[in-house]
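User: Let's go through this model together, one question at a time. Here it is.

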Amino acid sequence: MNYTITEDFTGGNITVVEISETKAEVRINYRDSEPWCYWAFKVSGASGKTITFNFGEDAVGYCGAAVSHDLKNWHWSHPDDYRDDEKDRESFTYTFADGEDEVYFAHNMLYNPSDFENVDFMEKYILCNDFGDIPVPMATMGEGEDVILMTARHHACEAPANYVLEGCLKELFENSIEGYKIIAVPFVDMKGVVCGDQGKGRKPHDHNRDYNEESLYPTVGAIKELLNNENVKYVFDFHSPCHLGSGNDSTSLVNAYECLKDEMLRLSKLFASEMTDDCFKFRDGRITWRDEPLKGTFSAYSGGLGKVDFVCTIENPYFGEPGNIMTQQNYLETGRAFGRAMKKFIETKSEM
Ligand SMILES: [Zn+2]
(Lines give C-alpha, C1' and ligand atoms only; values in the text may rest on other atoms or scores of the structure.)
Protein backbone atom coordinates (compact mmCIF):
# COMPACT_ATOMS: atom_id res chain seq x y z
CA MET A 1 0.00 0.00 0.00
CA ASN A 2 1.55 3.28 -0.90
CA TYR A 3 -1.01 5.71 0.40
CA THR A 4 -1.54 6.97 3.94
CA ILE A 5 -4.46 8.34 5.97
CA THR A 6 -3.67 10.68 8.86
CA GLU A 7 -5.34 13.01 11.34
CA ASP A 8 -2.10 14.93 11.72
CA PHE A 9 -3.25 18.49 10.85
CA THR A 10 -5.40 21.23 12.40
CA GLY A 11 -8.86 19.77 12.88
CA GLY A 12 -7.84 16.20 11.97
CA ASN A 13 -9.86 13.33 13.47
CA ILE A 14 -9.84 9.69 12.31
CA THR A 15 -8.91 6.17 13.32
CA VAL A 16 -7.73 3.85 10.56
CA VAL A 17 -8.83 0.22 10.96
CA GLU A 18 -7.62 -1.30 7.70
CA ILE A 19 -6.65 -0.10 4.24
CA SER A 20 -6.37 -1.87 0.90
CA GLU A 21 -5.82 -0.73 -2.67
CA THR A 22 -9.50 0.13 -3.15
CA LYS A 23 -11.03 0.33 0.30
CA ALA A 24 -10.29 2.00 3.61
CA GLU A 25 -12.08 1.10 6.84
CA VAL A 26 -11.99 4.20 9.01
CA ARG A 27 -13.75 5.22 12.21
CA ILE A 28 -14.64 8.49 13.85
CA ASN A 29 -12.30 9.13 16.76
CA TYR A 30 -14.76 10.17 19.47
CA ARG A 31 -12.04 10.65 22.08
CA ASP A 32 -13.77 12.07 25.21
CA SER A 33 -17.14 12.77 23.53
CA GLU A 34 -20.46 11.00 23.12
CA PRO A 35 -20.95 9.61 19.58
CA TRP A 36 -21.97 12.36 17.15
CA CYS A 37 -20.64 12.91 13.62
CA TYR A 38 -17.28 14.72 13.29
CA TRP A 39 -14.31 13.44 11.32
CA ALA A 40 -11.54 14.87 9.12
CA PHE A 41 -8.52 13.18 7.55
CA LYS A 42 -5.77 13.63 4.98
CA VAL A 43 -4.94 11.10 2.28
CA SER A 44 -1.46 11.21 0.78
CA GLY A 45 0.01 9.25 -2.11
CA ALA A 46 -3.24 7.94 -3.62
CA SER A 47 -3.00 9.64 -7.01
CA GLY A 48 -4.66 7.58 -9.75
CA LYS A 49 -6.54 5.32 -7.30
CA THR A 50 -10.26 4.98 -6.66
CA ILE A 51 -10.88 4.35 -2.95
CA THR A 52 -14.04 3.76 -0.94
CA PHE A 53 -13.81 5.13 2.61
CA ASN A 54 -16.16 3.28 4.92
CA PHE A 55 -17.09 4.52 8.40
CA GLY A 56 -19.41 1.74 9.55
CA GLU A 57 -22.05 4.28 10.58
CA ASP A 58 -24.02 7.18 9.13
CA ALA A 59 -21.18 9.70 8.91
CA VAL A 60 -21.26 11.26 5.44
CA GLY A 61 -23.41 14.22 4.42
CA TYR A 62 -26.02 14.44 1.67
CA CYS A 63 -23.47 15.41 -0.99
CA GLY A 64 -20.59 13.23 0.10
CA ALA A 65 -17.44 14.40 1.87
CA ALA A 66 -16.16 17.94 2.08
CA VAL A 67 -12.98 17.99 -0.04
CA SER A 68 -10.02 20.38 0.02
CA HIS A 69 -6.46 20.55 -1.25
CA ASP A 70 -5.35 23.47 0.94
CA LEU A 71 -7.68 23.44 3.99
CA LYS A 72 -9.01 26.78 2.71
CA ASN A 73 -11.22 26.05 -0.30
CA TRP A 74 -13.80 23.31 0.12
CA HIS A 75 -16.31 21.59 -2.16
CA TRP A 76 -18.52 18.49 -1.89
CA SER A 77 -17.25 15.22 -3.38
CA HIS A 78 -20.70 14.41 -4.85
CA PRO A 79 -22.51 17.71 -5.31
CA ASP A 80 -25.07 16.26 -7.73
CA ASP A 81 -25.71 13.01 -5.90
CA TYR A 82 -27.97 13.83 -2.94
CA ARG A 83 -27.96 10.84 -0.56
CA ASP A 84 -31.31 10.29 1.04
CA ASP A 85 -30.59 6.85 2.43
CA GLU A 86 -28.78 6.39 5.72
CA LYS A 87 -27.01 3.29 4.39
CA ASP A 88 -25.57 5.35 1.50
CA ARG A 89 -24.03 7.65 4.00
CA GLU A 90 -21.76 5.13 5.70
CA SER A 91 -19.15 5.57 2.98
CA PHE A 92 -18.02 7.66 0.03
CA THR A 93 -15.86 6.82 -2.96
CA TYR A 94 -13.27 9.16 -4.39
CA THR A 95 -11.16 8.94 -7.55
CA PHE A 96 -7.82 10.66 -7.14
CA ALA A 97 -6.57 12.27 -10.34
CA ASP A 98 -3.01 11.74 -11.47
CA GLY A 99 -0.83 14.02 -9.39
CA GLU A 100 -3.56 14.59 -6.79
CA ASP A 101 -1.28 13.59 -3.97
CA GLU A 102 -2.65 15.32 -0.89
CA VAL A 103 -6.37 15.58 -0.28
CA TYR A 104 -8.26 16.54 2.85
CA PHE A 105 -11.68 15.02 3.47
CA ALA A 106 -14.02 16.06 6.25
CA HIS A 107 -17.55 15.72 7.57
CA ASN A 108 -18.09 19.42 6.91
CA MET A 109 -16.26 22.39 5.42
CA LEU A 110 -13.66 23.15 8.07
CA TYR A 111 -13.00 26.67 9.30
CA ASN A 112 -9.71 26.73 11.18
CA PRO A 113 -8.20 29.51 13.31
CA SER A 114 -5.99 30.59 10.37
CA ASP A 115 -9.19 31.32 8.39
CA PHE A 116 -10.08 34.00 10.91
CA GLU A 117 -7.20 36.00 9.38
CA ASN A 118 -9.87 36.96 6.80
CA VAL A 119 -11.28 39.14 9.56
CA ASP A 120 -8.35 41.55 9.27
CA PHE A 121 -10.51 44.63 9.84
CA MET A 122 -10.98 43.98 13.57
CA GLU A 123 -8.58 44.55 16.46
CA LYS A 124 -7.28 41.18 17.62
CA TYR A 125 -6.54 40.23 21.22
CA ILE A 126 -5.95 37.10 23.25
CA LEU A 127 -8.97 36.42 25.46
CA CYS A 128 -7.12 33.82 27.54
CA ASN A 129 -5.06 30.69 27.14
CA ASP A 130 -6.83 27.39 26.68
CA PHE A 131 -5.45 24.11 28.03
CA GLY A 132 -1.95 23.53 26.70
CA ASP A 133 -1.41 27.30 26.64
CA ILE A 134 -3.16 27.63 23.31
CA PRO A 135 -4.14 31.30 22.88
CA VAL A 136 -7.86 31.91 22.37
CA PRO A 137 -8.47 34.79 19.94
CA MET A 138 -10.91 37.61 20.50
CA ALA A 139 -11.65 40.47 18.09
CA THR A 140 -13.32 43.83 18.54
CA MET A 141 -14.53 46.72 16.38
CA GLY A 142 -16.61 49.84 16.83
CA GLU A 143 -16.90 52.38 19.59
CA GLY A 144 -19.62 52.48 22.16
CA GLU A 145 -20.64 51.95 25.72
CA ASP A 146 -22.84 49.01 24.79
CA VAL A 147 -21.55 45.71 23.51
CA ILE A 148 -22.77 43.11 21.03
CA LEU A 149 -21.09 39.80 21.84
CA MET A 150 -20.85 37.10 19.16
CA THR A 151 -19.43 33.64 19.72
CA ALA A 152 -18.90 30.42 17.77
CA ARG A 153 -17.48 26.94 18.37
CA HIS A 154 -18.79 26.33 21.84
CA HIS A 155 -18.83 22.95 20.11
CA ALA A 156 -15.53 22.41 18.31
CA CYS A 157 -16.99 20.42 15.40
CA GLU A 158 -19.42 23.15 14.28
CA ALA A 159 -17.20 24.86 11.70
CA PRO A 160 -19.96 26.02 9.30
CA ALA A 161 -21.13 28.50 11.94
CA ASN A 162 -17.86 30.41 11.52
CA TYR A 163 -18.54 31.26 7.86
CA VAL A 164 -21.82 32.87 8.87
CA LEU A 165 -20.11 34.72 11.72
CA GLU A 166 -17.38 35.97 9.36
CA GLY A 167 -19.94 37.26 6.84
CA CYS A 168 -21.86 38.96 9.62
CA LEU A 169 -18.74 40.71 10.95
CA LYS A 170 -17.78 41.87 7.41
CA GLU A 171 -21.21 43.36 6.90
CA LEU A 172 -21.14 45.15 10.25
CA PHE A 173 -17.65 46.50 9.55
CA GLU A 174 -18.91 48.06 6.31
CA ASN A 175 -22.22 49.19 7.83
CA SER A 176 -21.63 49.67 11.50
CA ILE A 177 -24.19 50.00 14.26
CA GLU A 178 -23.61 53.35 15.88
CA GLY A 179 -22.99 53.35 19.62
CA TYR A 180 -22.00 49.70 19.85
CA LYS A 181 -18.74 47.87 20.26
CA ILE A 182 -18.71 44.39 18.76
CA ILE A 183 -16.74 41.65 20.47
CA ALA A 184 -16.29 38.30 18.73
CA VAL A 185 -14.94 35.09 20.27
CA PRO A 186 -14.81 32.86 17.18
CA PHE A 187 -13.39 29.67 18.74
CA VAL A 188 -14.67 29.08 22.28
CA ASP A 189 -13.40 25.48 22.40
CA MET A 190 -10.09 26.54 20.84
CA LYS A 191 -8.06 23.50 21.87
CA GLY A 192 -10.79 21.24 20.52
CA VAL A 193 -10.80 23.08 17.19
CA VAL A 194 -7.03 22.80 16.85
CA CYS A 195 -6.88 19.14 17.91
CA GLY A 196 -9.84 18.04 15.80
CA ASP A 197 -12.06 17.14 18.74
CA GLN A 198 -15.76 16.84 18.19
CA GLY A 199 -16.29 18.86 21.39
CA LYS A 200 -20.06 18.44 21.30
CA GLY A 201 -21.07 16.03 24.05
CA ARG A 202 -17.70 16.06 25.79
CA LYS A 203 -17.64 14.28 29.11
CA PRO A 204 -18.39 15.23 31.83
CA HIS A 205 -19.97 18.10 29.90
CA ASP A 206 -19.10 20.26 26.91
CA HIS A 207 -18.30 23.99 26.74
CA ASN A 208 -21.94 24.91 26.25
CA ARG A 209 -22.91 23.23 29.52
CA ASP A 210 -20.04 24.79 31.46
CA TYR A 211 -21.65 28.09 32.47
CA ASN A 212 -22.08 26.93 36.04
CA GLU A 213 -20.83 28.40 39.27
CA GLU A 214 -17.52 26.65 38.70
CA SER A 215 -16.37 26.35 35.08
CA LEU A 216 -14.09 23.56 33.87
CA TYR A 217 -12.85 25.35 30.77
CA PRO A 218 -10.60 28.46 30.90
CA THR A 219 -12.37 30.11 27.95
CA VAL A 220 -15.79 29.79 29.56
CA GLY A 221 -14.39 31.41 32.71
CA ALA A 222 -12.97 34.25 30.61
CA ILE A 223 -16.29 34.78 28.77
CA LYS A 224 -18.17 34.91 32.06
CA GLU A 225 -15.74 37.58 33.22
CA LEU A 226 -16.18 39.49 29.97
CA LEU A 227 -19.98 39.35 30.36
CA ASN A 228 -19.67 40.68 33.89
CA ASN A 229 -17.19 43.45 33.06
CA GLU A 230 -18.58 44.75 29.76
CA ASN A 231 -21.93 46.36 29.15
CA VAL A 232 -23.18 43.51 26.97
CA LYS A 233 -26.65 44.18 25.55
CA TYR A 234 -26.90 41.61 22.75
CA VAL A 235 -25.62 38.06 22.57
CA PHE A 236 -25.55 35.99 19.37
CA ASP A 237 -24.16 32.46 19.59
CA PHE A 238 -23.42 30.69 16.28
CA HIS A 239 -23.77 26.89 16.19
CA SER A 240 -24.41 23.99 13.86
CA PRO A 241 -27.17 21.49 14.71
CA CYS A 242 -27.13 17.67 14.58
CA HIS A 243 -25.53 15.73 11.70
CA LEU A 244 -28.63 15.99 9.46
CA GLY A 245 -32.35 15.26 9.11
CA SER A 246 -35.58 17.23 9.47
CA GLY A 247 -35.04 20.57 11.23
CA ASN A 248 -31.27 20.10 11.15
CA ASP A 249 -31.15 20.80 7.42
CA SER A 250 -32.21 24.43 7.56
CA THR A 251 -30.95 27.54 9.30
CA SER A 252 -32.93 28.24 12.43
CA LEU A 253 -32.97 30.64 15.34
CA VAL A 254 -33.24 29.23 18.84
CA ASN A 255 -34.64 30.95 21.89
CA ALA A 256 -35.90 29.96 25.29
CA TYR A 257 -37.09 33.25 26.68
CA GLU A 258 -40.83 33.78 26.54
CA CYS A 259 -40.29 37.49 27.18
CA LEU A 260 -38.23 37.74 23.97
CA LYS A 261 -40.84 36.11 21.75
CA ASP A 262 -41.95 39.26 19.95
CA GLU A 263 -38.36 40.31 19.45
CA MET A 264 -37.45 36.90 18.02
CA LEU A 265 -40.32 37.11 15.56
CA ARG A 266 -39.13 40.57 14.55
CA LEU A 267 -35.55 39.33 14.02
CA SER A 268 -36.77 36.32 12.04
CA LYS A 269 -38.76 38.57 9.68
CA LEU A 270 -35.84 40.94 9.19
CA PHE A 271 -33.39 38.08 8.57
CA ALA A 272 -35.68 36.41 6.00
CA SER A 273 -36.26 39.73 4.23
CA GLU A 274 -32.49 40.21 3.77
CA MET A 275 -32.04 36.94 1.80
CA THR A 276 -30.51 37.32 -1.66
CA ASP A 277 -30.07 34.77 -4.46
CA ASP A 278 -26.50 34.22 -3.26
CA CYS A 279 -27.49 33.25 0.29
CA PHE A 280 -28.07 29.89 1.87
CA LYS A 281 -31.75 30.54 2.50
CA PHE A 282 -33.29 31.25 5.86
CA ARG A 283 -37.08 31.25 5.92
CA ASP A 284 -39.13 33.41 8.24
CA GLY A 285 -40.49 31.53 11.24
CA ARG A 286 -37.77 28.87 11.40
CA ILE A 287 -37.48 29.28 15.15
CA THR A 288 -36.94 26.58 17.73
CA TRP A 289 -38.62 27.52 20.99
CA ARG A 290 -37.31 25.93 24.13
CA ASP A 291 -39.52 25.88 27.21
CA GLU A 292 -36.72 27.16 29.34
CA PRO A 293 -33.00 27.89 28.92
CA LEU A 294 -30.89 24.73 29.15
CA LYS A 295 -28.90 24.77 32.35
CA GLY A 296 -25.24 25.64 31.99
CA THR A 297 -25.54 27.02 28.46
CA PHE A 298 -24.04 30.28 27.34
CA SER A 299 -27.49 31.61 26.45
CA ALA A 300 -28.95 30.64 29.84
CA TYR A 301 -26.05 32.30 31.64
CA SER A 302 -26.03 35.51 29.62
CA GLY A 303 -29.84 35.78 29.58
CA GLY A 304 -29.91 35.20 33.33
CA LEU A 305 -27.61 38.12 34.11
CA GLY A 306 -30.47 40.58 33.83
CA LYS A 307 -28.46 43.17 31.93
CA VAL A 308 -28.42 41.55 28.49
CA ASP A 309 -31.42 42.73 26.43
CA PHE A 310 -31.48 39.97 23.83
CA VAL A 311 -29.99 36.48 23.49
CA CYS A 312 -30.25 34.27 20.43
CA THR A 313 -28.64 31.12 19.04
CA ILE A 314 -28.28 30.67 15.28
CA GLU A 315 -28.10 27.06 14.05
CA ASN A 316 -26.32 26.64 10.71
CA PRO A 317 -26.69 23.21 9.09
CA TYR A 318 -23.71 21.21 7.92
CA PHE A 319 -25.19 20.33 4.52
CA GLY A 320 -28.58 21.88 3.74
CA GLU A 321 -31.46 20.52 1.70
CA PRO A 322 -32.16 19.93 -2.03
CA GLY A 323 -31.94 23.28 -3.83
CA ASN A 324 -30.32 24.88 -0.79
CA ILE A 325 -26.93 23.21 -0.30
CA MET A 326 -24.32 24.73 1.98
CA THR A 327 -21.21 26.27 0.37
CA GLN A 328 -18.55 28.52 1.87
CA GLN A 329 -19.74 31.38 -0.33
CA ASN A 330 -23.45 31.14 0.38
CA TYR A 331 -22.74 30.89 4.10
CA LEU A 332 -20.68 34.10 4.02
CA GLU A 333 -23.62 35.75 2.20
CA THR A 334 -26.08 34.45 4.79
CA GLY A 335 -23.82 35.98 7.43
CA ARG A 336 -23.99 39.30 5.60
CA ALA A 337 -27.78 39.05 5.51
CA PHE A 338 -27.81 38.32 9.23
CA GLY A 339 -25.57 41.35 9.81
CA ARG A 340 -27.97 43.61 7.87
CA ALA A 341 -30.90 42.17 9.82
CA MET A 342 -29.05 42.62 13.11
CA LYS A 343 -28.33 46.26 12.31
CA LYS A 344 -32.00 47.00 11.54
CA PHE A 345 -33.11 44.94 14.53
CA ILE A 346 -30.92 46.88 16.96
CA GLU A 347 -31.36 50.31 15.42
CA THR A 348 -35.14 50.11 15.23
CA LYS A 349 -35.23 48.91 18.84
CA SER A 350 -33.04 51.83 19.91
CA GLU A 351 -35.63 54.17 18.43
CA MET A 352 -38.52 52.50 20.25
ZN1 LIG B 1 -23.52 23.61 19.11
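**Helix, core, sheet and a loop lysine**

Analyst: Helix α1 is mostly covered, with 12 of its 15 residues buried. Buried here means 20 or more other C-beta atoms within 10 Å of a residue's own, exposed means 12 or fewer, partly exposed is in between, and C-beta atoms are placed from the backbone. Helices (H or I, at least four residues) and strands (E, at least two) are DSSP runs, numbered from the N terminus. This is a predicted model: local features need pLDDT of at least 70, side-chain atom pairs count only at pLDDT 80 or more, and totals for chains, interfaces and linings use all residues. Residues are numbered from 1 along each chain as its sequence is written.

User: How far apart are the end C-alpha atoms of helix α1?

Analyst: The expected span is 1.5 Å times one less than the number of residues. For the 15 residues of α1 (160–174) that should give 21 Å, which agrees with the end-to-end C-alpha distance of 22 Å.

User: Which residues touch the most other members of the largest nonpolar core?

Analyst: Such a core is a set of buried Ala, Val, Leu, Ile, Met, Phe, Trp, Tyr and Cys residues joined through C-beta atoms within 7 Å. This one has 94 residues, and the ones touching the most other members are Val-164, Leu-165 and Ala-184.

User: And which helix gives the largest share of this core, and where does the core lie?

Analyst: The largest share is 8 residues, from helix α6 (328–351). Domain 1 (4–106) and domain 2 (113–351) both give residues to the core, so it lies between them. Those bounds come from an automatic or database domain assignment.

User: Which strands are the edges of the open sheet?

Analyst: Strands pair if DSSP finds at least two bridges between them. The sheet has 4 strands in the order β2-β3-β5-β8, with mixed pairing. Pairing on one side only, the edge strands are β2 (15–19) and β8 (91–95).

User: Which residue in β8 stands opposite Thr-50?

Analyst: Strand β5 (50–54) runs antiparallel to β8, and 5 bridges join them. Opposite Thr-50 in β8 you'll find Thr-95.

User: Is Lys-281 buried or partly exposed, and what does it touch?

Analyst: Lys-281 sits in the loop between α4 (261–273) and β16 (287–289). With 18 other C-beta atoms within 10 Å, Lys-281 is partly exposed. Counting contacts as C-beta atoms, placed from the backbone, within 7 Å, and skipping residues up to four places away in sequence, Lys-281 touches Met-275 and Asn-324.

Notes: Contact = placed C-beta atoms within 7 Å.
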